[in-house]
Amino acid sequence: MSDKTSVIFNNQIDKKTIKQAEKSKKKYIKKYGDDANADYKIGFEEIPTLDFIGVNNIVFSDNNRPLPDNALIVGNIRMGFGHYRISIAMASCAKAMGYEPFWLDLASFDATGSKMIREQNDMYSLASRISQKSKLFNKIVWEPLNSEGFKKITYNAKDQKNSELLEPIFKNIRKDVPYIATHVWPSQAAIHAGMSRVVNAIPDNWPMGLHLSQGAIHTVQTPFAYMGYKSLNGFAKKPLSGLKEDELKMVGCYVDHELLKDLKGDNQRRRERIKNKKPIRILMTVGGAGAGFKQFLEMVKHLLPYVQEKKVALLINLGDHKDVFEKMIKKLGNIECKTFFDEYDKLREFASRIKEGDLDGIACVYNKNIFEAVYSTNLLIPVSDLLITKPSELVFYPIPKVFMKHIGGHEVYGGIFGREMGDATKECSDKKSMNEMLDILIKDQEILGHMTHQIDKLYEQGHYNGAYECVKLAVQK
């Protein structure tokens, strides 16, 4: 295991930060045990939700099973839904390119490093929800941490030390297997473990020291992110050495093969619905942390009259947060709606039926299973006309979008990117601005038509090919 804490991309880290990093690692060992010498054998389990990709989940087993020659591992964690969403895109494109994808969720094991991740994820989710309830906490703690705190290169030093705890999970994984990480911890862990073909797929448009993983190929989706990591400008008070050309690649947006293979047909159907004055299909998504309920509720309330007039059809993916539905019903009364609660196969049939058919009213989707909760949005994107989302990982997806208020300062620049690309609105940070924007898009549907044409242009330019490019980088020797 090589030291990645003391020097990061030829930048010396101060002794105080190094000492704090070492203290943090020791704290987790004391709390969860030292498994550095454990012999975790690996096996595989099917993921039924992703049967169309054929991706297998890597699990601990009594006996080791060898990975096939054409294997590609997607290393990830659950932190909200975004990193799972990107992971599915990577697995999808790997399958389409002839590789056999394997899913490695480092938070899912009974191992010291996994317990460390789960603890940090619980803290992150809690803070995310608190930030939506307390303006003071959001202003003083959450926004600065997500924009400037995580940006510092010293933050990376601590993460690098903690990620050493994940190395034992890789003991029986072949070191030359192509590997794409969709969060920095799985990338850092793979490098510590000696994996030789690691791609670190950076999710956000705001450059941060948190995402650095020396030894991996870093991929970004935008020119703004590329410049940030190439220079590491603003990562410390003094100028730093940035990443070299062979360490950093701008690849485009990370999008699933299934969402791209008939994208032009999906856009044409959107334009046909506009032309024939069909109800605008608005897809709303609840994030993995379950934050932002107040704005979510206000949007539904505002759209209900449009639904009753059959000018709008609402598709609401509640993710794995059934409590959001219960709170919504309590506030709005028993609104009439179709429900798909843990009925994933029925949702698949529904999405297939409305692709060419009509839709009105409201449909609500809930799935306890994390894969079903995430992928339900993917099922509904091709048959929707407009997506309402916070400016998170869905910023980069090929569907007209209207942005809710961000949750965490790092999301701001994703929203800016989306609106500049022409397939999204500005960020609507309050009830008034959101309602005004929804009214505009419903009454002037030429804007949605324009967005679909812009998406077609971006597709022709390879704008959405980022996941394919990550696979190419991982499989090269």
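**Figure 1. Covering of the buried residues of helix H7 in the predicted model.** Strand E9 (217–220) and strand E10 (248–250) are among the elements that cover the buried residues of H7. These buried residues of helix H7, which spans residues 223–231, are Ala225, Gly228 and Tyr229. They lie on the same side of H7 because the arc they cover around the axis is only 90°. Pro223 and Met227, by contrast, are exposed on the other side of H7. After H7 comes Leu232, a residue whose phi is positive, near 55°.

**Figure 2. The buried and exposed faces of helix H12.** Helix H12 comprises residues 344–354, and its residues Tyr344, Leu347, Phe350, Ala351 and Ile354 are buried. The arc that they cover around the axis is only 110°, and they are therefore placed on the same side of H12. In general, an α-helix has 3.6 residues a turn, so residues three or four places apart point the same way. The buried residues of H12 pack against four strands and a helix, namely strand E11 (280–285), strand E12 (312–317), strand E13 (338–341), strand E14 (362–366) and helix H13 (370–380). Turned away from this buried side is a face of H12 that carries Asp345, Glu349, Ser352 and Arg353, which are exposed.

**Figure 3. The crossing of helix H10 and helix H15.** Two packed helices are described by the angle between their axes and the distance between the axes. For helix H10 (residues 293–308) and helix H15 (residues 431–443), the axes come within 10 Å and cross at roughly 35°, and the crossing in which H10 passes H15 is right-handed. On the side of H10, the residues that take part are Gln295, Glu298, Met299, His302, Leu303 and Tyr306, and these meet Lys431, Met434, Asn435, Leu438, Asp439, Ile442 and Lys443 of H15. Sorted by character, the residues of this contact of H10 with H15 comprise 6 nonpolar, 3 polar and 4 charged.

**Figure 4. Met90 and Ile180 in the largest nonpolar core.** The largest nonpolar core has 67 residues, and of these Met90 and Ile180 touch the most other members. The element that gives the most to this core is helix H2 (residues 82–96), with 8 residues. When neighbours within four places in sequence are left aside, the contacts of Ile180 are with Leu72, Ile73, Val74, Gly75, Met90, Val199, Ala201, Cys470, Val471 and Ala474. Separate from this core is a second one of 40 residues, which includes Tyr40, Ala107, Ala189 and Ile191.

**Figure 5. The surroundings of Leu67 and Asn57.** Leu67 is placed in the loop between strand E4 (56–60) and strand E5 (71–76). With a relative accessible area of 8%, Leu67 is buried, and when residues up to four places away in sequence are not counted, Leu67 touches Phe44, Ile73, Phe102, Ile173, Arg174 and Val177. Gly409 is 342 residues apart from Leu67 along the chain, and the C-alpha atoms of these two residues are separated by 40 Å. Asn57, in turn, has its place in strand E4. The relative accessible area of Asn57 is 15%, and because the limit for a buried residue is under 20%, Asn57 counts as buried. Apart from its neighbours within four places in sequence, Asn57 is in contact with Gly43, Phe44, Glu45, Ile47 and Trp103. Phe44 is thus found among the contacts of Leu67 and also among those of Asn57.

Terms used: Residues are numbered from 1 along each chain as its sequence is written. This is a predicted model: local features need pLDDT of at least 70, side-chain atom pairs count only at pLDDT 80 or more; totals for chains, interfaces and linings use all residues. Side-chain values use heavy atoms; hydrogens and water are left out. Buried means under 20% relative accessible area, exposed over 50%, partly exposed in between (1.4 Å probe, protein chains only). Helices (H or I, at least four residues) and strands (E, at least two) are DSSP runs, numbered from the N terminus. The arc is that of the directions from the helix axis to the C-beta atoms. Contact means heavy atoms within 4.5 Å. Axes are lines fitted to C-alpha atoms, for helices over the stretch in contact, and angles run from 0 to 180 degrees between N-to-C directions. A crossing is left-handed if the near helix is turned anticlockwise from the far one by less than a right angle, and right-handed if clockwise. Ala, Val, Leu, Ile, Met, Phe, Trp, Tyr, Cys and Pro count as nonpolar, Asp, Glu, Lys and Arg as charged, and the others, Gly among them, as polar. A nonpolar core is a set of buried Ala, Val, Leu, Ile, Met, Phe, Trp, Tyr and Cys residues joined through side-chain atoms within 4.5 Å.
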